[in-house]
Amino acid sequence: MKIIAIIISMILVDNYVLAQFLGICPFLGVSKKLDSAVGMGGAVIFVMVLATAVTWPIQQILNNFSIGYMQTVVFILVIAALVQLVEMMLKKFIPTLYRALGVYLPLITTNCAVLGVCIANIDEGYGFVQSLANSFGAAVGFTLALVLFAGVRTGKLANEEGVPVAFRGVPLVLLSSAILSLAFMGFSGLFS
């Protein structure tokens, strides 16, 4: 039951993009089209869960050798390697998605949400299965935020009719994302 609570909490309450403001770059960059947002979300789910599956045991090894301070460097290297793997797979098997994601696919390497979930799993003291649940929930929450915001951006927001000139473009995108973030704050009392 605790696993389900972790997953739901990460999707709605502690959403990395809308509550913790991690992973904003791909959130704003890839949310222009719904298909790109879904593709990026799938890639992030894969990378986050796989990164957790690899980094959690590595952290145990680092702790055994009393070099836990190397955590950030090692985790970044692991995440970079996994992103390269995803990039090669997409290029070979789904080239249209590879081209649609463009520069944002390599940005998963520097996506602080991926590194953040790996470090948070260790800091929270989660076991292996709980860490996988936490990273899966965080990645699904990231995908949910991307898809919701892509829906907002491709809807009425896309034509910017009736919007003052000073608010068109990036200001409107940032304001809309802030409002979406406020909407998710309503879930803050769900788990205590």
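Contact here means heavy atoms within 4.5 Å. Helices are DSSP runs (H or I, at least four residues), numbered from the N terminus.

**Ground rules.** I am working with a predicted model, where local features need pLDDT of at least 70, side-chain atom pairs count only at pLDDT 80 or more, and totals for chains, interfaces and linings use all residues. Side-chain values use heavy atoms, with hydrogens and water left out, and residues are numbered from 1 along each chain as its sequence is written.

**Entry 1: α4 and α6.** Which residues meet here? I found Q71, T72, F75, I76 and I79 in α4 against V114, L115, C118, I119 and I122 in α6. By class, the residues of this contact are eight nonpolar, two polar and no charged (Ala, Val, Leu, Ile, Met, Phe, Trp, Tyr, Cys and Pro count as nonpolar, Asp, Glu, Lys and Arg as charged, the others, Gly among them, as polar).

**Entry 2: the core.** I looked up the largest nonpolar core (buried Ala, Val, Leu, Ile, Met, Phe, Trp, Tyr and Cys residues joined through side-chain atoms within 4.5 Å; buried means under 20% relative accessible area, with a 1.4 Å probe and protein chains only). Among its 47 residues, F27, M48 and I108 touch the most other members. Elements giving two or more residues to this core include α4, α6 and α7 (128–154). Leaving out residues up to four places away in sequence, I108 touches M40, A43, V44, V47, I79, V83 and V114.

**Entry 3: G68.** I located G68 in the loop between α3 (34–64) and α4. With the same sequence exclusion of up to four places, G68 touches Q59, L62 and N63. Its C-alpha atom is separated by 33 Å from that of L144, 76 residues apart along the chain.

Key:
Buried < 20%, exposed > 50% of the residue type's maximum accessible area, 1.4 Å probe, protein only.
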